[in-house]
Amino acid sequence: MSTPEHVPRHHDEPLLLPYQRRWVADESAVRVWEKSRRIGASWATAAGAALEAASEKESGGMDVWYISYNKGMTETFIKDCAFWAGIYSLVASDMEEFVFEDEDPGGKVVAFRITFASGHRITGLSSAPRSLRSIQGHIVIDEGAFVDQLAELLKAALAMLMWGGRVDVISTHNGAENPFAELIQETQSGARPYSLHRTTFDDALYEGLYRRICLVKQGKAPTEAVRAELAWSPESEARWRQEMVDFYGDNAEEELFCVPRRSGGAYLSRALIEARMHPDIPVLRWSLPDDFVDWSEIRRRRTAEAWCREHLEPVLRSLPSQTCFVGEDFGRSGDLTVLWVLQRQADLDLRTCLTAELRNAPFTTQQYVLEYLIDRLDRFGGAALDARGNGAFLAEVARQHYGAGLIDEVALSEAWYREHMPRLKQQLEDGTLTLPKDSDVLDDLRAFRVVKGVARLPEKSTRGGAEQRHGDSGVALAMAVYAATVMEPQEWDVVTGPPRETTTITRGY
């Protein structure tokens with residue numbers, strides 16, 4: 001981003017871009033920003049820090065402590081805060097340089113600060129102090145992936161929240177095994193209840209970064225002719241983007257697009273999966289002949305009913321009266337359709353009740369099996385159904401039958417995997433999710449790979465031939481966990497009677 005003194009001040013041009021404004025407006029106790037380089041994250045943070053330090057304590061004001069790994073970054077941040085104080089017409093002292101001493105013997109570091117009329121200060125430390133025991137207020141850890149001992153530093157910073165402080169962690173990535181990458185995963189999974197912001201280089205461009213750069217350059221242009229040459233255009237933005245990608249080379253994914261390097265391995269380890277498997281959980285499989293689709297409707301329905309009565313009915317009748325959730329991955333002629341049923345236990349753990357795999361099943365047969373299963377769940381909390389491609393039919397029919405509050409039609413995408421796969425992994429790591437002990441389920445879960453920082457399945461099938469698989473049960477499990485942890489459970493009434501003479505779930509209002 002440009003230096004503050006050259007930022008345009010046109011009345012119709014906000015000083016902060018939309019993603020910067022969202023960050024400043026976020027008043028969460030703990031904020032985490034996973035971001036690209038060169039998008040003005042520190043400068044936006046300085047805008048909020050100046051307002052916070054200038055405010056009286058009764059209005060939420062407090063000291064701000066800025067921690068980075070680089071003296072130049074620290075000095076720039078304090079200067080940015082002074083710039084914003086001028087923009088806001090706030091009374092603040094000039095920047096001063098001093099030696100900060102923490103409580104550990106010999107713990108002296110160079111620091112910068114400005115003091116506001118409120119009595120609060122913004123202090124910038126050129127390296128992380130060995131102790132934060134004497135600090136109170138709002139702590140900003142900038143480029144957290146590059147500071148020494150981020151985990152210990154964050155632990156000390158978070159201890160101050162009980163006194164009404166705040167903590168920010170802002171950074172580009174520095175490897176998949178870095179504590180910052182782990183912090184992002186834990187926040188995405190819900191293990192840490194923090195506010196998470198994510199801004200890639202393309203996100204910033206979409207919200208006006210290069211347009212702002214053009215305005216800044218135009219403001220410094222010596223002549224109108226040069227100013228005209230520096231005007232924004234889609235072509236010049238595309239060229240500049242490519243220049244930045246070329247500049248970072250092999251590191252562009254990490255530096256610009258929030259993808260920690262050294263990715264590509266299996267997302268879930270064999271040891272972790274096997275530790276959560278139990279032999280008493282049934283995996284029901286039904287493979288239909290190729291000509292099944294040509295059978296008469298009555299014959300297909302009677303065959304499906306017979307299979308459901310023999311295999312599904314006994315398991316469903318044995319379940320305790322606790323809320324159940326269903327996840328589904330759709331397949332027709334190649335991949336499987338997998339139905340995964342989770343039940344929430346009294347201690348809030350999630351236990352797999354059963355999985356049902358359908359191979360080569362026509363659409364109407366899949367609809368029958370799905371409704372048969374859901375109708376016999378004593379307490380149905382919701383289902384997440386694969387709505388990609390041909391799966392959209394089954395998802396839509398289910399939504400029409402049970403209502404939008406109980407059925408979520410999920411269009412699986414990279415964004416969905418990024419947000420929700422960490423939740424599945426966290427459940428397994430916490431030991432709050434049980435799985436069937438089955439080699440195919442193991443293979444499906446092991447099929448997830450980290451691709452550009454996101455856990456997802458490879459494009460090709462993980463096993464070919466007559467028993468082709470493409471991580472199908474793994475997707476169904478992810479959908480079931482999503483239904484159980486993200487969808488709001490609905491209230492219900494239980495009605496027994498015609499036309500099926502079976503238990504039918506209807507929504508309660």
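This report walks through a predicted protein model, from its overall make-up to single residues.

## Overall make-up

The protein has 17 helices and 20 strands. Its length is 509 residues, and 52% of them are buried. Contacts often span long stretches of sequence. Among contacts between residues at least 6 apart in sequence, 71% join residues at least 24 apart.

## The eight-stranded sheet

One open sheet holds eight strands. Their order is β3-β4-β5-β2-β6-β7-β1-β8, and the pairing is mixed. Strands β3 (96–101) and β8 stand at the edges. Each has a single partner strand, so one side of each is left without a neighbour in the sheet. Neighbouring strands here are turned against each other by 20° on average, direction ignored.

Look next at the pair β4 and β5. Strand β4 covers residues 108–115 and strand β5 covers residues 121–125. The two run antiparallel and are joined by five bridges. Within this pair, F112 stands opposite G124 in β5. Helix α3 (residues 71–87) lies across β2 (64–67), β3, β4, β5 and β6 (138–142). Its direction is at about 10° to β4.

## Edge strand β8 and H197

H197 sits in strand β8. Its relative accessibility is 13%, and the cut-off for buried is under 20%, so H197 counts as buried. Leaving aside neighbours within four places in sequence, H197 is in contact with R22, W23, D26, V32, W33 and E34.

## Helix α5

Helix α5 runs over residues 179–189. Its buried residues are F180, A181, L183, I184, T187, Q188 and S189. What covers them includes three strands of the eight-stranded sheet, β1 (30–35), β7 (166–171) and β8 (195–199). Helices α4 (150–158) and α15 (414–430) are also part of the cover.

Both ends of α5 have a detail to note. At the N-terminal end, N178 acts as a cap. A side-chain oxygen of N178 lies 2.8 Å from the backbone nitrogen of F180. Just after the helix, G190 takes a positive phi of about 95°.

## Two nonpolar cores

The largest nonpolar core has 43 residues. The members that touch the most others are F77, W84, I122, F201, L209, W240 and L256. Helix α2 (residues 41–54) gives the most to this core, with eight residues. A second, separate core has 41 residues, including M277, L350, L412 and A476.

L256 gives a closer view of the largest core. Leaving aside neighbours within four places in sequence, L256 is in contact with S36, R37, T200, F201, M244, V245 and Y248. One of these, F201, is also listed among the core members that touch the most others.

## Strand β14 and its partners

Strand β14 (residues 380–386) is mostly covered: seven of its seven residues are buried. It pairs with β11 (residues 324–329) in the parallel sense, over five bridges. In that pairing, V326 has A383 of β14 as its bridge partner.

Strand β15 (residues 407–410) also runs parallel to β14, and four bridges join the two. Here D386 has V410 of β15 as its bridge partner.

## Helix α17

Helix α17 covers residues 472–485, 14 in number. From first C-alpha to last it reaches 20 Å, close to the 20 Å expected at 1.5 Å a residue. Of its 14 residues, 13 are buried, so the helix is largely enclosed by the rest of the structure.

## Two positive phi values in loops

Most residues other than glycine have a negative phi. S89 and E143 take positive values instead. Phi of S89 is near 60°, and phi of E143 is near 50°.

Where does S89 lie? Its place is in the loop between α3 and β3. E143 is found in the loop between β6 and α4. Is S89 buried or exposed? S89 has a relative accessible area of 65%, so it counts as exposed. E143 has a relative accessibility of 4%, so E143 counts as buried.

Technical notes: Residues numbered from 1 in each chain as written. Predicted model: local features only at pLDDT ≥ 70, side-chain atom pairs only at ≥ 80, totals over all residues. Heavy atoms only, no water. Buried < 20%, exposed > 50% of the residue type's maximum accessible area, 1.4 Å probe, protein only. Contact = heavy atoms within 4.5 Å. Polar contact = N/O pair within 3.5 Å; in protein donor to acceptor, adjacent residues only side chain to side chain. Core = buried A, V, L, I, M, F, W, Y, C linked by side-chain atoms within 4.5 Å. Expected span 1.5 Å × (residues − 1). Pairing = 2+ DSSP bridges. Axes fitted to C-alpha atoms, helices over the stretch in contact; angles between N-to-C directions.
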